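Here is a friendly walk through a two-chain model, written for someone who likes to check each statement on screen. Please have the viewer open as you read.

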Amino acid sequence: MSTPLQVYEPFRAGLPPLRTYWKSLWSRRTFISEYSRSELREQHFDSAFGQLWLILNPLLLSAVYFLLIVIIRGSSDSTRYAHLTATLFLFYLVSNSLTGGVKSITAGQRLILNTAFPRIMLPISAVVIAVIKFLPTLAVFLVIRTVLGLAFSWQMLWAIPVLLIAMLLSLGLAITISCVNVYFRDITNFLPYMTRTLLYLSPILYEASDLTPKLRTLELFNPLFPILDSWSRALVHGQVPHISHLLIALGWAFGIFFIGTYFFLSREREFAVRL
Amino acid sequence: MPSVSSPHKTNEIAVSVRDLSLTYTTAIDRRPTLKARLKTMGRGGKQTRVINALNQVNLDVEYGHVLGIIGANGAGKSSLMRVMAGIVPPTRGRVEVYGSVSTLLALGVGFNPSLTGRDNVYLGGLAAGMSREEIDTHFEEIAEFSELGEAIDAPMRTYSSGMYARLAFSVAATVRPDILIVDEALSTGDAKFKEKSLNRIKELRSDDRALILVSHAMATLLDVCNDVAWIHKGKLVMRGEPNTVINAYREFLQVGKSAAIDEDV
């Protein structure tokens with residue numbers, strides 16, 4: 001090994017030395033890619049039918065929700081369906097990061113008790129897996145959009161920064177919840193209720209513009225609201241998203257990422273005695 | 001990882017432990033839950049307890065030596081191993097490790113039981129900081145040493161505990177670390193594999209590597225160790241020539257030289 005001398009000393013409260021932490025994280029980046037690859041292979045996403053399922057699953061979901069919208073509203077149109085699929089697929093990126101992230105530390109118990117490595121690799125891997133699962137659905141959406149006959153425009157490129165913000169938010173959420181789960185193992189049981197609530201509070205089954213001004217205050221408490229609204233504006237309607245929405249979303253994403261990471265890094269050295 | 005022989009000389013210091021103390025807080029519940037916390041709220045019930053695992057331990061491990069660690073359950077042996085491996089940071093004191101460490105602690109490899117043995121070996125190696133190429137070069141030898149055959153490509157949840165232990169030992173011993181820490185992992189294999197692993201340990205010893213063995217099998221320790229340390233309630237009680245220390249420990253346990261502590265259980 002390249003470092004012949006390792007010194008272990010008591011740590012002060014708070015963060016580990018960030019520079020060394022980052023170095024050791026960066027040197028293990030192959031772990032993250034190898035882990036996501038073997039995990040996806042284990043779930044058979046390397047086979048044709050596995051990939052088909054990856055696409056079929058969100059498609060069926062969007063069909064079910066579309067049925068719901070048609071029944072409740074009495075009518076619908078192709079833009080509404082495009083909005084539903086686009087936002088639902090992005091929502092599943094966040095939700096998959098949460099469900100994958102929540103158990104990442106507790107499931108990595110054996111590794112944590114045996115090896116010294118930056119623990120944050122585990123929730124990061126969970127998010128990478130969620131992103132890999134998300135990408136084919138994005139392609140499916142573009143096909144749907146073409147079939148529905150919606151015009152393409154350059155404004156759609158605004159979806160890229162929105163996606164990056166959504167990924168940062170997913171990472172922050174996964175890191176936070178994986179750490180919380182070490183101390184409260186039943187968070188896993190509450191998670192479905194939380195994601196379901198988040199789904200209904202977000203502009204997925206409805207558009208942000210459908211809400212009454214009173215209900216619009218919801219968006220102040222839901223980091224996904226500005227993200228999904230901007231995503232739909234750019235990708236479905238081909239409009240430039242509200243810059244204020246983008247900034248609010250960015251604020252949420254950075255806030256959750258930094259607070260979650262601080263919390264995680266200051267706690268991770270005791271994970272081994274807590275598992 | 002060094003490939004063939006260790007770059008270290010006999011009697012050079014491998015691990016130096018100075019005034020090491022370890023105190024940690026852990027949950028009383030094996031599976032702490034929010035529900036339990038809410039239900040006991042206001043009753044002042046304690047959810048955590050503080051454990052003084054190690055107390056002022058001083059210990060040097062030299063290259064070319066095999067150090068056996070003995071002590072009753074809960075004496076702090078595993079904690080000491082975890083601090084040496086950098087898995088748990090010390091509360092007080094200082095640990096210096098001169099060389100690469102490979103650990104084989106109580107749980108062995110097996111990161112994700114739904115993945116195959118092969119995947120787990122790679123993931124474990126990568127997490128420990130090895131490169132994919134390094135694992136590639138060792139993989140054949142690991143698979144062969146473990147005698148798992150085709151089972152190496154089966155999910156690890158299908159493995160028996162003996163297979164787990166065999167794979168774990170093979171990984172730890174095959175990468176030829178400068179310092180190998182083995183924590184009660186030799187006891188699950190069958191007699192044939194046990195002998196094979198003991199031979200490997202002797203081989204590593206003559207290679208001028210440092211080995212630390214935690215075991216309750218006194219016969220094994222007498223066979224391979226040239227140094228034994230006895231830990232009791234977080235303190236180093238005695239360290240020295242295997243026969244002397246083990247006899248003192250036996251006397252302390254008041255069980256005499258019975259079959260029960262000669263055998264792995």
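The report below takes up confidence, then each chain, then the contact between them.

**Ground rules and confidence**

This is a predicted model, in which local features need pLDDT of at least 70 and side-chain atom pairs count only at pLDDT 80 or more, while totals for chains, interfaces and linings use all residues. Residues are numbered from 1 along each chain as its sequence is written, with chains lettered from A and ligands numbered from 1 in the order in which they are written.

The model scores ipTM 0.83 and pTM 0.89. For chain B the mean pLDDT (the predictor's confidence in each residue, from 0 to 100) is 83, and 88% of the residues reach 70 or more. Within chain B, helix 9 (residues 259-262) has the lowest confidence, at a mean of 51, and strand 8 (residues 227-232) the highest, at 92. Where pLDDT is low, the predicted coordinates should not be read in detail.

**Chain A**

Chain A holds 12 helices and one strand; helices (H or I, at least four residues) and strands (E, at least two) are DSSP runs, numbered from the N terminus. Read from the N terminus, the order is β-α-α-α-α-α-α-α-α-α-α-α-α. The radius of gyration of chain A, taken over C-alpha atoms, is 20 Å. That is close to the 19 Å that the globule rule (2.2 Å times the number of residues to the power 0.38) gives for 275 residues, so chain A is as compact as a globular protein of that length. Its C-alpha trace spans about 65 × 45 × 35 Å along the principal axes.

UniProt, in an unreviewed entry, annotates residues 49-267 of chain A as "domain: ABC transmembrane type-2". The unreviewed entry also places "transmembrane region" at residues 52-72, 81-100, 120-144, 156-184 and 243-265 of chain A. UniProt positions are given in the numbering used here, feature names are shortened, and annotations may be inferred rather than shown by experiment. The table sets the domain beside two of those regions.

| Span of chain A | Helix | Strand | Distance between end C-alpha atoms |
|---|---|---|---|
| Residues 49-267 | 75% | 0% | 41 Å |
| Residues 52-72 | 100% | 0% | 30 Å |
| Residues 81-100 | 100% | 0% | 28 Å |

**Chain B**

Chain B has nine helices and nine strands. Of its 265 residues, 46% are buried, meaning that 20 or more other C-beta atoms, placed from the backbone, lie within 10 Å of the residue's own. Strand 5 (residues 101-104) of chain B is a good place to look: V101(B) and T103(B) point one way, S102(B) and L104(B) the other way, and all are buried. Four bridges join strand 5 to strand 6 (residues 179-183) of chain B, and the two run parallel; strands pair if DSSP finds at least two bridges between them. T103(B) has I181(B) as its bridge partner in strand 6 of chain B.

**Where the chains meet**

How many residues of chain B are in contact with chain A? There are 43, and they touch 36 residues of chain A, with contact meaning C-beta atoms, placed from the backbone, within 7 Å. On chain B, strand 1 (13-27), helix 1 (34-39), helix 2 (77-84), strand 4 (92-98) and helix 3 (117-127) each supply at least two residues of the side that touches chain A.

Strand 4 of chain B also pairs across the chains: four bridges join it to strand 1 (residues 5-8) of chain A, and the strands run antiparallel. Y8(A) stands opposite V95(B) in strand 4 of chain B.

Key. Contact = placed C-beta atoms within 7 Å. Buried ≥ 20, exposed ≤ 12 C-beta atoms within 10 Å, placed from the backbone.
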